[in-house]
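Here is a small set of exercises to work through with the model open beside you. Take each task in turn, try it yourself, and then read the solution.

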Amino acid sequence: MKKIATGNKAVAEAVKQATPGVVAAYPITPQTEIVEQIAEFVSGGLMPTRYIAVESEHSAMAACIGASITGVRTFTATSSHGLLYMHEMTNWAAGARLPIVMANVNRSLGPGWNIWAEHTDALQERDTGWLQIYVSTVQETYDAILMAFRIAEHNDVLLPVMVNLDGFLLSHIMQPVDTVELGDFIPAIYLPHAIDPKHPAGYGPLTGPDQHFKFRWEIERSMRDSVKVIEQTEKEFAERFGRKYGFTEDYRCDDADVIVIALGTLGKEAEVAVDILRNEGVKAGSMRIRWLRPFPKLELKGKDVVVIDRDYSFGFGGIVANEIKAKTGISLYSVIAGIGGQEVTYDDIAGFVRTRRMGEEFWFGVNTHV
Amino acid sequence: MFEIRIHSRGGQGGVTAARLLAMAALHDGKYATACPFYGAERRGAPIVSFVRIDDRPIKIYSRIRQPDMVVVLDTSVMDTVDVLHGLKKGGRIIINSAGKREFPGFECRNVDLTGIALRKNLVVAGSPILNTPVIGALAKMGIITADSAKKAIREMFSDERNVNAADAAYKEMSA
């Protein structure tokens, strides 16, 4: 059924359909609407879910871990400082191989206090063992949440999944969304290492120097195996519901000489910039990275590549640009734009392409060129 | 693509009006996005909402810079906000006002949305509701069909006074 919904409402609707046994969450702008809506569904009897109102995000993730280890489907949502307050527990969730699904509404980090879109929050979590996807429309948000449960809980994966949507730009925009009859798309959860709460027993958590690396390798092996699980899941989603996704969304890339790469809503707005550039005779394309973990295989050799980072690693550079450089070995033009919700239009993006200087870094709105 | 900017004060229903407009456009078989610009505003502060309507999926997330139409739900915001900013030449204006207003170079229609809300007893917490009547005015301007306007209003509000208020605005808007 087609209706108008915000990104936040689309998350809540998808979570309702996935029927987790437990949701534990703490509200934070701009994520609040997600947990308000889920709490309303639960209190209204529309979700057979135990909603745990906790006193902090650290506790939210701890409660999800406690619930998930009993083999129950779990969900939480957060943003920005809330995500980073969870950081110890996000590592634990992945290490304990718990298929928790989390929506993270990307927001900048203070100070100065700022509630608007930025990706540095989630990118600071990229080494935790969570799968990460960045979405760009309300429809894609809804679809990604549904698929996230199936991917996380697949026994070849058993790792948590973080679905990232841009604060306000996507969390609060109202767009058409087509909801689906889910059927058996998400199979019943089976956690092979679940603890039975009726006969509670754990196993020795100390892993010595002769063992620990094996557990870490198991995380990496499952991260690599998740590639085919993601492909299978997205393929079956397309067959059942008609919407096709991939590790990247490529727009007019086939014959492109220059490719713009960005995450989230910037990556979608870049398609408008590409159309403008094509009309000027510039063979431009847009490649929106959806899955950042596992990192996609990118074919970029021989192209001019312009990467827009809505994030930064101080003393180093744009995070996405440098991940692409590390994985592909190409030289690129690194643009830092959209920090703390800075307005970036399709005209600005077209401008980045026109004035690109390969091998350099450019901070949009700042006059000093590095 | 048709781009509309709605000016109001926090709490007056500008965001809901944007949502209703997008819902009605969807019923018309079009694509629509509606987004408020979230600043540090509080109840009573001037705010803007943006609505885009097109025959194709809309990929733009940045703010509307050159609207085709401006809707002013509260004329008092005009003391501090340039509501004509970026409005396309010959662009249209709907203004919540009992009296006719002139803006050279633009096409301005006025309708007394506040008066309609008070007359229809559409008042919540002491404030007249403007978001449903203005949908009637937008239907009159041909932005959405009257049928889709009513359908959208009924989806969101069970109180039929909202539809009556939209009807009144449809009939009473100036030429």
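**Exercise 1. The interface**

How much area do chain A and chain B bury between them, and what percentage of it is on carbon and sulfur atoms?

Before solving this, some ground rules. This is a predicted model, in which local features need pLDDT of at least 70 and side-chain atom pairs count only at pLDDT 80 or more, while totals for chains, interfaces and linings use all residues. Residues are numbered from 1 along each chain as its sequence is written, chains are lettered from A in the order in which they are written, and side-chain values use heavy atoms, with hydrogens and water left out.

Step 1. Buried area is the accessible area (1.4 Å probe) that two parts lose on being put together, summed over both. For chain A and chain B this comes to about 2,100 Å², with 62% of it on carbon and sulfur atoms.

Step 2. Find the main contributors: A:I4, A:M174 and A:E343 supply 31% of the area that chain A buries against chain B, more than any other three residues.

Step 3. List the residues in contact (heavy atoms within 4.5 Å). Chain A brings 25 residues and chain B brings 20 residues.

**Exercise 2. Polar links across the interface**

Count the salt bridges between the two chains, then see which elements of chain A take part in the interface.

Step 1. Apply the rule: a side-chain nitrogen of Lys or Arg within 4 Å of a carboxyl oxygen of Asp or Glu. It finds 3 salt bridges across the interface of chain A and chain B.

Step 2. Look at one pair: the side chains of A:D347 and B:R65 form a salt bridge, at 3.3 Å from N to O.

Step 3. Turn to the elements, where helices (H or I, at least four residues) and strands (E, at least two) are DSSP runs, numbered from the N terminus. Two or more residues on the side of chain A that touches chain B come from each of β1 (2-6), β8 (174-178), α9 and α11 of chain A. Helix α9(A) gives the most, with 5 residues.

**Exercise 3. The sheet of 7 strands**

Trace the strand order of this sheet in chain A and find its edges.

Step 1. Pair the strands, asking DSSP for at least two bridges between them. The open sheet runs β3-β2-β4-β5-β7-β6-β12 (chain A), with mixed pairing.

Step 2. Strands β3 (50-53) and β12 (291-293) of chain A each have a single partner strand, so one side of each is left without a neighbour in the sheet.

Step 3. Check a pair inside the sheet: β5 (101-106) and β7 (161-166) of chain A are parallel over 6 bridges, and A:V105 has A:L165 as its bridge partner in β7(A).

Step 4. Add a helix, using axes fitted to C-alpha atoms (for helices over the stretch in contact) and angles from 0 to 180 degrees between N-to-C directions. Helix α7 (138-153) of chain A lies across β4, β5, β6 (131-134), β7 and β12 of chain A, at about 170° to β7(A).

**Exercise 4. The sheet of 6 strands**

Repeat the tracing for this second sheet of chain A.

Step 1. The order is β9-β11-β10-β13-β14-β15 (chain A), in an open sheet with mixed pairing. Its edge strands are β9 (248-251) and β15 (361-363) of chain A.

Step 2. Strand β14 (333-336) of chain A pairs with β15(A) in the parallel sense over 3 bridges, and A:W363 is the bridge partner of A:I336.

Step 3. Helix α11 (346-354) of chain A packs on the sheet, touching β10, β13, β14 and β15 of chain A.
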